[in-house]
Amino acid sequence: MRNHRLTFALCAATLSTSAFAQAAGANTIRMVDWWSPKTGWEMASDDAFVGSRSGCYESLARIGFDNTLQPSLATSWTQTSPTTWEFTLRDNVKFQDGLPLNAESAANALNNLLKAAMPARAFSPKVIKSVEAVGDKVVKITTLEPSVLLPLQMASPATSILSPSAYKDGKINPINACTGPFVITEVDPTRATVKRNENYWGGKPTLDGAEIRFISDANTRATQIRTGETDIARLIPPWIVSKLKTTPGVKLEAVNAPRTTMLLMNNKKAPFDNIKVRQAVQAAIDNASLAAAVYEGAVQPAVGPFVSTDPWAPKDLKPAFDVKKAKALLEEAGVKPGTLKLNLLAYSNKTELKDVAAVIQEMLKNIGIQVDIKVAEYNAIEPDMMSGNYDMGLMSRGYLTDAAEPASYLNADYKCKGAFNISQYCTPEMDAKLEAIYATPEPEKRLPMYADIAKKVQSEALTVFLIHETSYDAYSTKVKNFKSHPLNYYVLTPSLSLN
């Protein structure tokens, strides 16, 4: 099935002279990425990551390629009280429209984020009380509850700082409004162009610019790097990689991103308000077989939310797969075989989720649960998932996406008022555990606290974790200084160049 898809993509996408190739100049790099701007550049969406990877967006802090927290638009930060942080801005930074970066403009950007119809998980009114300018160089951020982790959250692309000119009538326009090494000059649903920011505070970038194409189909992205139509092809699934390993002039870099494909269940309504039903679904799913069937064994089956080698992962979790136990749990819950009919949502932006849904459908059929699958673009199904109008849904979720520790992910997904609580889960006990993490300044003391929550989420089957994802970035040997970022934040950097 996979090879057939790749062959089809090769036939469909190979062109002797592509418009994409013609558009790129001698010192302009060509890239294909998987996500196009779909929400009008809402910072809470993956559009913010497009802005970051394009070299335009920058935040007060950043996560380096070594996964450490580093200064960016702010050079330092200080916690002045349990709920207050002050960020000191870098000198001599200008937005691409010529306006200076100061405390007022930075506070304006963050307050626009707080007022958005869908604020970012890492920076929402459920977490942040206020943002204000203190003089010309200091931005004061006050949290609702004590937090030692705010600087990590301020490295998220969702908290990027744009010029006041970018915000108008509740909408965002990033063109000529960023601070980064590249300026977005043109964008539509299929492509974007960027040019060098000649006045970049970090020094003149090497490239003149870049042409970015947005292609959701991974096979087509792989085809374009094989045929030389692109210089960088991002997020190539592992089952396609074997086709690229022997391609002359192509290099591969593994992206062992902290990202898990999971089955979300609506904990708030029947039948998943019953722990035994949730545990039955968990026990019915054979993660190892799913990994083999859909991912050709190239990913790691998940036991809990975190990769076992993470410092915060519990060390004693065991696979839950047990069909006999699953049937017994349904019987204990009073569910007769064949009487339970559930819907399962999957989004087409990640090609493999349709196949994952089909495998889960068959596995749950084995314990007498009928599943109806709905596949659509993510933006079409997210409102139902966020509002709790669903039974089950597939999600590819990065647990370090919002911050370089899993606190922000756990807080957003499992706190009563969490900004991304699609599971609709809420208990005072979990809220207390999460609040304790945010009040613990020593990183080594937070590690067992994360592990404790991971055990609870797994043992109570609040979510069924399926596989830990692995993908690859492919790039031409002509590309120099390319490196895959562990959180997929940055691609077009000032030092990136072509032979």
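Ala, Val, Leu, Ile, Met, Phe, Trp, Tyr, Cys and Pro are counted here as nonpolar, Asp, Glu, Lys and Arg as charged, and the others, Gly among them, as polar.

**View 1. The lining of the second largest cavity in this predicted model.** Let's start with the residues around this space: Trp 41, Val 50, Ser 54, Ile 184, Val 187 and Ala 192. With the classes above, the lining divides into 5 nonpolar residues, 1 polar residue and no charged ones. Ser 54 is the polar member, because Ser is not among the residue types listed as nonpolar or charged. The cavity holds about 30 Å³ of space.

**View 2. The largest cavity and the residues that line it.** By the rule used here, the model has 2 cavities of 30 Å³ or more, and the largest has a volume of about 40 Å³. Look for Met 262, Leu 264, Met 395, Arg 397, Asp 413, Phe 420, Ile 422 and Ser 423 around it. Two strands, β15 (259-265) and β19 (392-398), are the elements that give two or more residues to this lining. Met 262 and Leu 264 fall within β15, while Met 395 and Arg 397 fall within β19. By class, the lining has 5 nonpolar, 1 polar and 2 charged residues. The charged pair is Arg 397 and Asp 413, because Arg and Asp both count as charged.

**View 3. Ser 76 on strand β4.** This strand covers residues 74-81. Is Ser 76 buried, exposed or partly exposed? Its relative accessible area is 33%, which is neither under 20% nor over 50%, so Ser 76 is partly exposed. Setting aside neighbours within four places in sequence, you will find Ser 76 in contact with Glu 86, Phe 87 and Thr 88. Widen the view to bring in Ser 495: this residue is 419 positions from Ser 76 in sequence, and their C-alpha atoms are 24 Å apart in space.

**View 4. The span that UniProt annotates as a domain.** An unreviewed UniProt entry lists residues 69-419 under "domain: Solute-binding protein family". Helix makes up 26% of this span and strand 27%. The C-alpha atoms at its two ends lie 23 Å apart.

**View 5. Confidence along the chain, with a word of care about residues 1-24.** The mean pLDDT of the chain is 92, and 95% of its residues reach 70 or more. Over residues 1-24, though, the pLDDT is below 50. In the model, this stretch has 44 contacts beyond near neighbours in sequence.

Methods:
Residues are numbered from 1 along each chain as its sequence is written. This is a predicted model: local features need pLDDT of at least 70, side-chain atom pairs count only at pLDDT 80 or more; totals for chains, interfaces and linings use all residues. Side-chain values use heavy atoms; hydrogens and water are left out. pLDDT is the predictor's confidence in each residue, from 0 to 100. Contact means heavy atoms within 4.5 Å. On a 1 Å grid over the protein atoms alone, a cavity is a set of points where a 1.4 Å probe fits but cannot get out, and a pocket is an open set with protein on both sides within 12 Å along at least five of seven lines; lining residues have an atom within 4 Å of a point. Grid points are joined across faces, edges and corners, and a volume is the space filled by probe spheres set on the points. Helices (H or I, at least four residues) and strands (E, at least two) are DSSP runs, numbered from the N terminus. Buried means under 20% relative accessible area, exposed over 50%, partly exposed in between (1.4 Å probe, protein chains only). UniProt positions are given in the numbering used here, feature names are shortened, and annotations may be inferred rather than shown by experiment.
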